[in-house]
Amino acid sequence: MTNFIEIIKAVFYGIVEGVTEWLPVSSTGHLILFEEFFGFNLSESFIEMFRVVIQLGAILAVIILFWNKLFPWTGKKTEYEKKQTYRLWIMVIVACLPAAVIGLLFDDLLDKVFYNFPTVAITLILYGIAFIVIENLNKKGKIRESLTSIDRMPIKTAFLIGVFQLLSLIPGTSRSGSTILGAMILGCSRVVSAEFSFFLAIPVMIGASLLKVMKFGLDVAAGEAAITSNEVIVLIVGMVVAFAVSLLCIRFLMNFIKRHDFKVFGWYRIALGAVLLIYFAGTFLFK
């Protein structure tokens with residue numbers, strides 16, 4: 001019975017990951033909340049690895065949906081189209097450098113200091129306000145959408161979007177939220193901002209997942225951790241569900257932003273953050 005309950009939790013965890021990874025509402029923040037109310041009855045070492053590796057299911061959805069755009073050797077691409085694809089990957093790599101360096105150096109410290117309820121609530125609200133402000137400035141013409149195609153994105157712009165991605169190292173910020181906001185501030189259209197954010201996720205998530213798997217594997221080899229058959233099933237179920245939900249969510253978002261702005265996500269972040277602050281204050285006062 002216990003095993004079945006943990007698998008059901010993995011299904012819901014995968015749903016939350018698949019939805020919130022791509023919408024600018026903070027997947028880490030939502031998963032912290034999920035664990036607060038529906039925590040797994042599994043080893044802490046496994047859960048630490050599971051939180052990151054489940055993202056591989058979500059990232060596979062991006063690879064499949066944008067396969068023709070991401071890979072130069074698919075279809076009947078001209079030499080020019082192949083060069084543009086190689087250039088896209090150069091931009092993605094350049095944009096990933098800031099977060100890769102800082103993340104490797106301070107990953108454990110950042111988790112220890114910021115992986116908590118109050119931080120998530122505050123960052124949800126702050127970046128929710130930021131989305132509304134940026135969209136209002138956009139509407140008034142104070143931010144000009146000068147870049148409507150990734151093919152014409154300067155390398156410098158890609159790097160600066162990567163700098164904005166550093167903000168997402170703090171839980172509750174949202175990786176997609178920080179990169180989309182940064183891209184819009186730099187003059188990218190909503191579609192370009194969202195697409196480039198998706199592409200940035202590929203090396204970031206794969207790299208983070210491999211590091212966690214290697215670290216967990218070394219701990220298992222050293223006898224400091226172990227993995228059960230039930231935990232393997234939980235991991236697989238979570239990844240498969242995250243993949244399926246991500247396919248739907250990415251398609252939804254790309255269609256949504258062609259007709260609407262990001263304000264609705266800003267208001268959602270503010271409302272959720274306010275609820276969390278009230279809940280946190282209540283549990284602190286009455287514990």
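**Working through a predicted fold**

Phe 265 is buried, since its relative accessible area is 8% (buried is under 20%, exposed is over 50%, partly exposed is in between, with a 1.4 Å probe and protein chains only). You're looking at a predicted model, where local features need pLDDT of at least 70, side-chain atom pairs count only at pLDDT 80 or more, and totals for chains, interfaces and linings use all residues. Residues are numbered from 1 along each chain as its sequence is written, and side-chain values use heavy atoms, with hydrogens and water left out.

**Exercise 1. Work out what kind of aromatic pair Phe 256 and Phe 265 make.**

Step 1: Get the rule straight. Rings of Phe, Tyr and Trp (its six-membered ring) pair if their centres lie within 6.5 Å; planes under 30 degrees apart are stacked, over 60 edge-to-face, and the rest tilted.
Step 2: Count the pairs. This rule gives 17 aromatic pairs.
Step 3: Apply it here. The ring centres of Phe 256 and Phe 265 are 5.7 Å apart and the planes stand at 65°, so this pair is edge-to-face.
Step 4: Check the partner. Phe 256 is buried too, at 16% relative accessible area.
Step 5: Look elsewhere. Tyr 13, Phe 34, Phe 38, Phe 40, Phe 46 and Phe 50 form one aromatic cluster.

**Exercise 2. Find which parts of the chain the salt bridge between Glu 48 and Lys 212 links.**

Step 1: Recall the cut-off. A salt bridge has a side-chain nitrogen of Lys or Arg within 4 Å of a carboxyl oxygen of Asp or Glu.
Step 2: Check the distance. For Glu 48 and Lys 212 it is 3.3 Å, N to O.
Step 3: Place the two ends. Glu 48 sits in helix α3 (residues 44-53) and Lys 212 in helix α10, 164 residues apart, so distant parts of the chain are linked (helices are DSSP runs of H or I with at least four residues, strands are runs of E with at least two, and both are numbered from the N terminus).
Step 4: Compare their cover. Glu 48 is partly exposed at 31%, whereas Lys 212 is buried at 12%.

**Exercise 3. Describe the salt bridge between Glu 79 and Lys 82.**

Step 1: Take the distance. Their side chains meet at 3.9 Å, N to O.
Step 2: Place them. Both are in helix α6, three residues apart, about one turn of the helix.
Step 3: Add the exposure. Glu 79 is exposed at 54%, while Lys 82 is partly exposed at 26%.

**Exercise 4. Say where α6 bends, and what covers its buried residues.**

Step 1: Find the bend. Helix α6 turns by about 70° at Phe 106 (the angle is between axes fitted to the seven residues ending there and the seven starting there).
Step 2: List some buried residues. Among them are Leu 88, Met 91, Val 92 and Leu 110.
Step 3: Name the cover. It includes α5, α8 (155-165) and α10 (190-221).

**Exercise 5. Describe the surroundings of Thr 119.**

Step 1: Place it. Thr 119 belongs to helix α7 (residues 117-139).
Step 2: Check its exposure. Thr 119 is buried, at 15% relative accessible area.
Step 3: Name its contacts (heavy atoms within 4.5 Å). Leaving aside neighbours within four places in sequence, Thr 119 touches Phe 114, Ile 170 and Pro 171.
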